[in-house]
Amino acid sequence: MEKADFIKVFTDATARGNPGHSGMGIVILDPQDEVLKEHCEYLGIVTNNQAEYSAIVKSIDIIKQLDVNYNKILFYSDSELMVKQLTGKYKIKDLKLKELSEKFFTGIRSIGKEFSITHVLRSDNKLADILANKATDEHLQAKTKRTVKEQL
(Lines give C-alpha, C1' and ligand atoms only; values in the text may rest on other atoms or scores of the structure.)
Protein backbone atom coordinates (compact mmCIF):
# COMPACT_ATOMS: atom_id res chain seq x y z
CA MET A 1 0.00 0.00 0.00
CA GLU A 2 1.33 3.38 -1.03
CA LYS A 3 1.69 6.06 1.67
CA ALA A 4 0.72 9.70 1.04
CA ASP A 5 -0.12 12.59 3.35
CA PHE A 6 -2.88 13.61 0.98
CA ILE A 7 -4.39 12.88 -2.39
CA LYS A 8 -5.59 15.47 -4.89
CA VAL A 9 -8.89 14.90 -6.69
CA PHE A 10 -9.68 17.01 -9.75
CA THR A 11 -13.21 16.75 -11.14
CA ASP A 12 -14.85 18.30 -14.16
CA ALA A 13 -17.90 17.83 -16.34
CA THR A 14 -19.26 18.87 -19.71
CA ALA A 15 -22.77 19.44 -20.95
CA ARG A 16 -23.42 20.00 -24.65
CA GLY A 17 -26.49 22.10 -24.12
CA ASN A 18 -28.00 22.75 -20.72
CA PRO A 19 -29.39 20.18 -20.23
CA GLY A 20 -27.49 18.22 -22.81
CA HIS A 21 -25.21 15.27 -23.49
CA SER A 22 -22.85 15.23 -20.53
CA GLY A 23 -19.66 13.57 -19.41
CA MET A 24 -17.46 13.60 -16.33
CA GLY A 25 -13.73 13.46 -15.82
CA ILE A 26 -11.86 12.61 -12.62
CA VAL A 27 -8.11 12.61 -11.98
CA ILE A 28 -6.60 11.54 -8.67
CA LEU A 29 -2.99 12.50 -7.97
CA ASP A 30 -0.50 11.74 -5.23
CA PRO A 31 1.46 14.56 -3.51
CA GLN A 32 4.12 14.43 -6.28
CA ASP A 33 1.37 14.93 -8.91
CA GLU A 34 1.70 11.37 -10.19
CA VAL A 35 -1.59 10.03 -11.51
CA LEU A 36 -3.10 7.38 -9.25
CA LYS A 37 -6.34 7.02 -11.20
CA GLU A 38 -8.20 8.54 -14.15
CA HIS A 39 -11.88 8.07 -14.87
CA CYS A 40 -14.23 9.33 -17.56
CA GLU A 41 -17.87 8.47 -18.01
CA TYR A 42 -20.82 9.53 -20.14
CA LEU A 43 -23.72 10.72 -17.95
CA GLY A 44 -26.62 11.04 -20.36
CA ILE A 45 -28.63 14.20 -20.73
CA VAL A 46 -28.33 16.31 -17.60
CA THR A 47 -27.59 19.92 -16.69
CA ASN A 48 -24.02 21.15 -16.38
CA ASN A 49 -24.41 21.57 -12.61
CA GLN A 50 -25.80 18.05 -12.22
CA ALA A 51 -22.84 16.73 -14.21
CA GLU A 52 -20.35 18.63 -12.02
CA TYR A 53 -21.93 17.23 -8.86
CA SER A 54 -22.08 13.72 -10.36
CA ALA A 55 -18.33 13.86 -10.97
CA ILE A 56 -17.45 14.75 -7.38
CA VAL A 57 -19.87 12.12 -6.07
CA LYS A 58 -18.35 9.45 -8.34
CA SER A 59 -14.87 10.43 -7.16
CA ILE A 60 -15.80 9.12 -3.70
CA ASP A 61 -16.41 5.61 -5.10
CA ILE A 62 -13.09 5.73 -6.94
CA ILE A 63 -11.21 6.95 -3.85
CA LYS A 64 -12.60 4.02 -1.85
CA GLN A 65 -11.05 1.61 -4.40
CA LEU A 66 -7.56 3.11 -4.22
CA ASP A 67 -4.80 1.16 -2.52
CA VAL A 68 -3.28 4.27 -0.92
CA ASN A 69 -2.91 5.26 2.72
CA TYR A 70 -3.54 9.01 3.08
CA ASN A 71 -4.69 11.49 5.73
CA LYS A 72 -6.53 14.14 3.71
CA ILE A 73 -8.42 14.53 0.43
CA LEU A 74 -7.95 17.78 -1.48
CA PHE A 75 -10.78 18.26 -3.99
CA TYR A 76 -10.42 20.73 -6.86
CA SER A 77 -13.08 21.86 -9.32
CA ASP A 78 -13.53 24.70 -11.76
CA SER A 79 -17.26 24.82 -10.92
CA GLU A 80 -17.37 27.88 -8.70
CA LEU A 81 -21.07 27.34 -7.97
CA MET A 82 -20.57 23.76 -6.79
CA VAL A 83 -17.55 24.66 -4.65
CA LYS A 84 -19.37 27.57 -3.01
CA GLN A 85 -22.42 25.40 -2.38
CA LEU A 86 -20.45 22.48 -0.93
CA THR A 87 -18.43 24.79 1.32
CA GLY A 88 -21.61 26.46 2.62
CA LYS A 89 -21.05 29.88 1.03
CA TYR A 90 -24.17 29.47 -1.15
CA LYS A 91 -27.43 27.70 -0.38
CA ILE A 92 -28.40 24.78 -2.58
CA LYS A 93 -31.93 25.45 -3.84
CA ASP A 94 -32.15 22.88 -6.67
CA LEU A 95 -33.57 19.59 -5.36
CA LYS A 96 -31.40 17.38 -7.59
CA LEU A 97 -28.24 19.22 -6.55
CA LYS A 98 -29.29 18.91 -2.88
CA GLU A 99 -29.65 15.16 -3.37
CA LEU A 100 -26.23 14.92 -5.03
CA SER A 101 -24.60 17.04 -2.30
CA GLU A 102 -26.07 14.72 0.34
CA LYS A 103 -24.58 11.73 -1.52
CA PHE A 104 -21.21 13.49 -1.54
CA PHE A 105 -21.25 14.23 2.20
CA THR A 106 -22.50 10.73 3.03
CA GLY A 107 -19.63 9.31 0.98
CA ILE A 108 -17.07 11.58 2.63
CA ARG A 109 -18.29 10.60 6.09
CA SER A 110 -17.97 6.92 5.15
CA ILE A 111 -14.31 7.48 4.22
CA GLY A 112 -13.64 9.27 7.49
CA LYS A 113 -10.81 11.48 6.25
CA GLU A 114 -10.25 15.21 6.51
CA PHE A 115 -11.01 17.02 3.25
CA SER A 116 -11.11 20.40 1.56
CA ILE A 117 -12.78 21.66 -1.62
CA THR A 118 -11.09 24.41 -3.63
CA HIS A 119 -12.15 26.31 -6.72
CA VAL A 120 -9.50 26.36 -9.45
CA LEU A 121 -9.37 28.02 -12.82
CA ARG A 122 -10.28 25.90 -15.81
CA SER A 123 -6.66 26.13 -16.97
CA ASP A 124 -5.63 24.39 -13.74
CA ASN A 125 -8.11 21.56 -14.30
CA LYS A 126 -7.02 20.45 -17.78
CA LEU A 127 -6.71 16.70 -17.21
CA ALA A 128 -10.21 16.33 -15.77
CA ASP A 129 -11.56 18.59 -18.53
CA ILE A 130 -9.96 16.43 -21.23
CA LEU A 131 -11.47 13.30 -19.71
CA ALA A 132 -14.95 14.84 -19.40
CA ASN A 133 -14.87 15.91 -23.03
CA LYS A 134 -13.54 12.50 -24.08
CA ALA A 135 -16.50 10.73 -22.44
CA THR A 136 -19.01 12.98 -24.18
CA ASP A 137 -17.20 12.94 -27.55
CA GLU A 138 -16.88 9.15 -27.60
CA HIS A 139 -20.58 8.73 -26.83
CA LEU A 140 -21.64 11.21 -29.50
CA GLN A 141 -19.30 9.67 -32.10
CA ALA A 142 -20.64 6.19 -31.36
CA LYS A 143 -24.20 7.52 -31.61
CA THR A 144 -23.40 9.13 -34.97
CA LYS A 145 -21.90 5.87 -36.27
CA ARG A 146 -25.00 3.94 -35.19
CA THR A 147 -27.25 6.47 -36.90
CA VAL A 148 -25.25 6.29 -40.14
CA LYS A 149 -25.31 2.46 -40.11
CA GLU A 150 -29.06 2.49 -39.50
CA GLN A 151 -29.54 4.66 -42.59
CA LEU A 152 -27.62 2.26 -44.86
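**View 1. D33 sits in the loop between β3 and β4 in this predicted model.** Strand β4 covers residues 35–46. D33 has a positive phi of about 65°. Yet D33 is not a glycine. Is D33 buried or exposed? D33 counts as partly exposed, because its relative accessibility is 43%, and partly exposed covers values from 20% to 50%.

**View 2. A cis peptide bond joins N18 to P19.** The omega of this bond is near 10°. Where is P19 placed? P19 lies in the loop between β2 and β3. Strand β2 spans residues 6–17, and β3 spans 20–29.

**View 3. Strands β2 and β3 run antiparallel.** How many bridges join β2 to β3? There are 10 bridges between β2 and β3. Look for R16, which stands opposite H21 in β3.

**View 4. Five strands form an open sheet: 5 strands in the order β4-β3-β2-β6-β7.** The pairing in this sheet is mixed. Which strands are at the edges? The edge strands are β4 and β7, and each pairs on one side only. Strand β7 covers residues 114–119. Neighbouring strands of the sheet are turned by 15° against each other on average, direction ignored.

**View 5. Helix α1 lies across four strands of the model: β2, β3, β4 and β6.** The helix is made of residues 48–65. Strand β6 is made of residues 72–77. At what angle does α1 run to β2? Helix α1 runs at about 150° to β2.

How values were computed. Residues numbered from 1 in each chain as written. Predicted model: local features only at pLDDT ≥ 70, side-chain atom pairs only at ≥ 80, totals over all residues. Heavy atoms only, no water. Helix = DSSP H or I, 4+ residues; strand = E, 2+ residues; numbered from the N terminus. Buried < 20%, exposed > 50% of the residue type's maximum accessible area, 1.4 Å probe, protein only. Pairing = 2+ DSSP bridges. Axes fitted to C-alpha atoms, helices over the stretch in contact; angles between N-to-C directions. Contact = heavy atoms within 4.5 Å.
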